[in-house]
Amino acid sequence: MKKEKGNVKALLPIGVFLVLYLGLGILFEYVMKIEMGFYNIPIVVAFLVALLTACFQNRGLKFDDKIKVMGEGIGDPNIITMILIFLEAGIFVGVVGRGSAESVAYFMLSIIPAKFAVAVLFVVSCFVSTAMGTSVGTITLITPIAVAVSEASGFGLPLCVASVMGGAMFGDNLSFISDTTIAACNGQGCKMKDKFRENFAIALPAAILSLVLILVLSLKSNITGTVHEAYSLIQIVPYILVLIGGIAGINVFLVLLAGIVSGSIIMLATGATAPTDLLANMGTGASGMFETAMVAVLVSAICALIREYGGFDALLNGIKRVFKGKKGGQLGMGLLVGAMDIATANNTVAIVMANPIAKEMADTYDISNKKSASLLDTFSCIFQGVIPYGAQMLVALSAVNTCGHTLSAFHIIPLLFYPFMLLLSSLVFIFIIPEKGKKA
């Protein structure tokens, strides 16, 4: 039964998952030297083991009653909404493809002087990741362009790649179709436009400071050369529609539907996609979200059992002893999701895991829903953007290697200006700038 002081033993399923996932990740990545070792672990299986652990606990509750508790957790309207948005966002990405992202990059590089090429890479990555909603997809697309910029202009390859990664995390944090945004907003029960406005005030100063640092390094360099490739700007229209619709506060389902319809028309009209391939691309995009959706289902079931057994009460009591006051609560929330991200190397999973705990923390510390959603998304992106075994870093290094170069994560990390500036900006907004408005 749930106890007023909580039950630390109820947190065992989280510990089982972290030990299993992190332990196997370290084994695969650093002992067995398997490429992308952390991402060869079936995360759904790890969560199933954690769920099984939760089911064996709390013997005072019959198994049929546990099934009912899990069903109530999974049936939460926010969970259902989250899953549907995941699938619709996947279909949108499947429809529009990735050629338009390259078009944006090559268009801007063709009209900007070479000395500002790295700054362009950062700005383009910010726009592309915000439009596409994926940092990994942005890095996959833009890193080969970064290599071409480095070769043509003479800029250092680590700086070019780090600028792409920083811009990619900007959009991962802010995009309306990013799975981190979807998870944070639905988990905390806030509107995406409200979270965006709260988040943008933190992210924009960090992006500007990062851009200034890049420009300072660029202007000190003696750079020549240009990058020229073909591009088609009409393909970015669906992304722009989604971005404008999201900022305007239009229902996210309608925004994504408009993106899917406009994307389908444009891709067919321009011949970028054959009619026979369009539905297949939709299916591929949706299926790419299946694992994320299943993680949301499993985590909601596990958390429902943990809450029933008093685990969240115990965790909150521990947090309240360490973090005092509203500002301390906000920092504790950020560090909570950061610790989850370090352990899972996946910022979406970290948010999904932290959501129910953060929701109760928000109530305890009187933190608005939009603020808690912003903190979860921001701090998960800060940590995900710099860990050397994260998908973003591994994909960037893989793309560099594919282009015939060799680079280490530790060459790139010191130049990851945006995540570090985002951390600084977040701390300023927590401890110096007061939160405005009523709790909502």
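In this predicted model, helix α9 (residues 179-188) makes a good starting point, as it is mostly covered: ten of its ten residues are buried. The buried residues run from Asp179, Thr180 and Thr181 through Ile182, Ala183, Ala184 and Cys185 to Asn186, Gly187 and Gln188. Their packing partners are the helices α4 (77-96), α8 (157-174), α10 (192-219), α14, α17 (347-365) and α18 (369-384). Just after α9 comes Gly189, with a positive phi near 70°.

Helix α14, one of those partners, leads on to the nonpolar interior. The largest nonpolar core holds 135 residues, and the members that touch the most others are Phe47, Ile412 and Tyr418. The helix giving the most to this core is α14 (residues 290-308), with twelve residues. The surroundings of Phe47 can be described in some detail. Leaving aside residues up to four places away in sequence, Phe47 is in contact with Phe17, Val295, Leu298, Val299, Ile302, Val349 and Met353.

Nonpolar side chains also appear at the surface. Ile26, Leu27, Tyr30, Val31 and Met32 together form a nonpolar surface patch of about 460 Å². Within this group, Tyr30 lies in helix α1 (residues 12-31). Its relative accessibility is 41%, so Tyr30 counts as partly exposed.

The cysteines come next. The structure has zero disulfides. For Cys126, the closest cysteine sulfur belongs to Cys381 and lies 12 Å away, which is too far for a bond. Cys381 likewise takes part in no disulfide, and the cysteine sulfur nearest to Cys381, that of Cys185, is 12 Å away. Cys185 has already been met among the buried residues of α9. Cys126 is buried, because its relative accessible area is 9%, and Cys381 is buried as well, with a relative accessible area of 1%.

Two residues that are not glycines have a backbone with positive phi. For Asn58, phi is about 55°. Asn58 sits in the loop between α2 (43-56) and α3 (63-74), and with a relative accessible area of 10% it is buried. For Asp366, which is not a glycine either, phi is about 60°. This residue belongs to the loop between α17 and α18, the two helices that also pack against the buried residues of α9. Asp366 is partly exposed, because its relative accessibility is 43%.

Finally, separation along the chain can be set beside separation in space. Ser287 is part of helix α13 (residues 275-287) and is partly exposed, with a relative accessible area of 35%. Ser287 and Leu87 are 200 residues apart along the chain, while their C-alpha atoms are separated by 7.8 Å. A second pair is formed by Asn251 and Ile202, which are 49 residues apart in sequence and 24 Å apart in space, from C-alpha to C-alpha. Asn251 is placed in the loop between α11 (237-248) and α12 (252-269). With a relative accessible area of 42%, Asn251 is partly exposed.

Note on methods:
Residues numbered from 1 in each chain as written. Predicted model: local features only at pLDDT ≥ 70, side-chain atom pairs only at ≥ 80, totals over all residues. Heavy atoms only, no water. Core = buried A, V, L, I, M, F, W, Y, C linked by side-chain atoms within 4.5 Å. Buried < 20%, exposed > 50% of the residue type's maximum accessible area, 1.4 Å probe, protein only. Helix = DSSP H or I, 4+ residues; strand = E, 2+ residues; numbered from the N terminus. Contact = heavy atoms within 4.5 Å. Patch = residues over 30% accessible without salt bridge, like charges linked within 9 Å, V, L, I, M, F, W, Y side chains within 5 Å. Areas by Shrake-Rupley, 256 points an atom, 1.4 Å probe, with all protein chains shown as cover. Salt bridge = Lys/Arg side-chain N within 4 Å of Asp/Glu carboxyl O. Disulfide = S-S within 2.5 Å.
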